[in-house]
Amino acid sequence: MTKNVDIIEEAKALFSKHLQEYIGRDEQRASDVFKSLNIGGWCIRRWKNKESLPSKKKFAVLGKHLKLPEQEEQFIGKAIARLGSLRALRSGATRKGKQTDKT
């Protein structure tokens, strides 16, 4: 589990770096792109601060704008998928615990 978390943290840092570079190139254009994609400032701040990663859907759209190298895009995509799996495992464990309490 620690290995998965490390990959996720590394992907957050990498995505944050590329996002900040993208915004730094032309902040107004980036702002317009985020608005057109219906991505709020709160999401952008969390991504820039390495607090979270975008959803698969948002990453697929953003990846085109950020022009990530293919290898890095795959790495971040893998981390996003892994994060989703970890969340599903946590919520599944909670649901199972509740089910066993009822019986």
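**Exercise 1. The aromatic pairs**

Are phenylalanine 15 and phenylalanine 59 buried or exposed, and which kind of pair do their rings form?

*Solution.* The model is a predicted one, and the step that comes before any other is to settle the burial of the two residues: phenylalanine 15 is buried, and phenylalanine 59 is buried too. A search of the whole structure gives three aromatic pairs. In the pair made by phenylalanine 15 and phenylalanine 59, the ring centres lie 6.0 Å apart and the planes stand at 65°, and because planes over 60 degrees apart count as edge-to-face, the pair is edge-to-face. Phenylalanine 15 belongs to helix H1 and phenylalanine 59 to helix H4, so this pair ties together parts that are 44 residues apart in sequence.

The rings of tyrosine 22 and phenylalanine 34 can be treated in the same manner: their centres are 6.1 Å apart and their planes at 65°, so this pair is also edge-to-face. Here tyrosine 22 lies in helix H1 and phenylalanine 34 in helix H2, so the parts tied together are 12 residues apart in sequence. Both tyrosine 22 and phenylalanine 34 are buried. Finally, Phe15 and Phe59 join Trp47 in one aromatic cluster.

**Exercise 2. The fold and its core**

Describe the secondary structure of the protein chain, and determine which elements give two or more residues to the largest nonpolar core.

*Solution.* The protein chain has five helices and zero strands, which read along the sequence as α-α-α-α-α. Of its 103 residues, 31% are buried, while the accessible surface comes to about 7,100 Å², with 51% of it belonging to carbon and sulfur atoms. Among contacts between residues at least 6 apart in sequence, 70% join residues at least 24 apart.

The largest nonpolar core has 25 residues, and those with the most contacts inside it are Phe15, Leu19, Phe34, Trp47, Leu53 and Ile76. Two or more residues come from each of H1, helix H2 (27-36), H3, H4 and helix H5 (70-102); the largest share, eight residues, is given by H1.

**Exercise 3. The faces of H3 and H4**

Work out which residues of helix H3 are buried, which residues of helix H4 are buried, and how each set is arranged around its helix axis.

*Solution.* Helix H3 spans residues 41-48, and its buried residues are Cys43, Ile44 and Trp47. Viewed down the axis of H3, these buried residues fall within an arc of 100°, so they line one face of the helix. Trp42 and Arg45 are exposed on the other side of H3. After H3 comes lysine 50, whose phi is positive, near 60°.

In helix H4 (residues 56-66), Phe59, Leu62, Gly63 and Leu66 are buried. They cover an arc of only 115° around the axis, and therefore lie on the same side of H4. On the other side of H4, Lys57 and Lys64 are exposed. Just after H4, lysine 67 has a positive phi of about 55°.

The spacing in such sets can be read against a general rule: an α-helix has 3.6 residues a turn, so residues three or four places apart point the same way.

**Exercise 4. Salt bridges and the loop between H3 and H4**

How many salt bridges does the structure hold, and what is serine 52 in contact with, leaving aside its neighbours within four places in sequence?

*Solution.* There are two salt bridges in the structure. In one, the side chains of glutamate 9 and lysine 12 meet at 3.2 Å, N to O. Glutamate 9 and lysine 12 are three residues apart in helix H1 (residues 2-25), and are thus separated by about one helical turn. Glutamate 9 is partly exposed, with a relative accessible area of 38%, whereas lysine 12 is buried, at 10%.

The side chains of arginine 46 and glutamate 51 also meet in a salt bridge, again with an N to O distance of 3.2 Å. Arginine 46 is partly exposed at 27% relative accessible area, and glutamate 51, at 39%, likewise counts as partly exposed.

Serine 52 is found in the loop between H3 and H4 and is buried, with a relative accessible area of 10%. Leaving aside its neighbours within four places in sequence, serine 52 is in contact with Lys12, Arg46 and Trp47. Taking up tryptophan 47 in turn, and not counting residues up to four places away in sequence, one finds that this residue touches Phe15, Ser16, Leu19, Ile39, Ser52, Leu53, Pro54, Lys58 and Leu62.

Conventions
Residues numbered from 1 in each chain as written. Predicted model: local features only at pLDDT ≥ 70, side-chain atom pairs only at ≥ 80, totals over all residues. Heavy atoms only, no water. Helix = DSSP H or I, 4+ residues; strand = E, 2+ residues; numbered from the N terminus. Buried < 20%, exposed > 50% of the residue type's maximum accessible area, 1.4 Å probe, protein only. Contact = heavy atoms within 4.5 Å. Areas by Shrake-Rupley, 256 points an atom, 1.4 Å probe, with all protein chains shown as cover. Arc of directions from axis to C-beta. Salt bridge = Lys/Arg side-chain N within 4 Å of Asp/Glu carboxyl O. Core = buried A, V, L, I, M, F, W, Y, C linked by side-chain atoms within 4.5 Å. Phe/Tyr/Trp six-rings, centres within 6.5 Å; stacked < 30°, edge-to-face > 60°.
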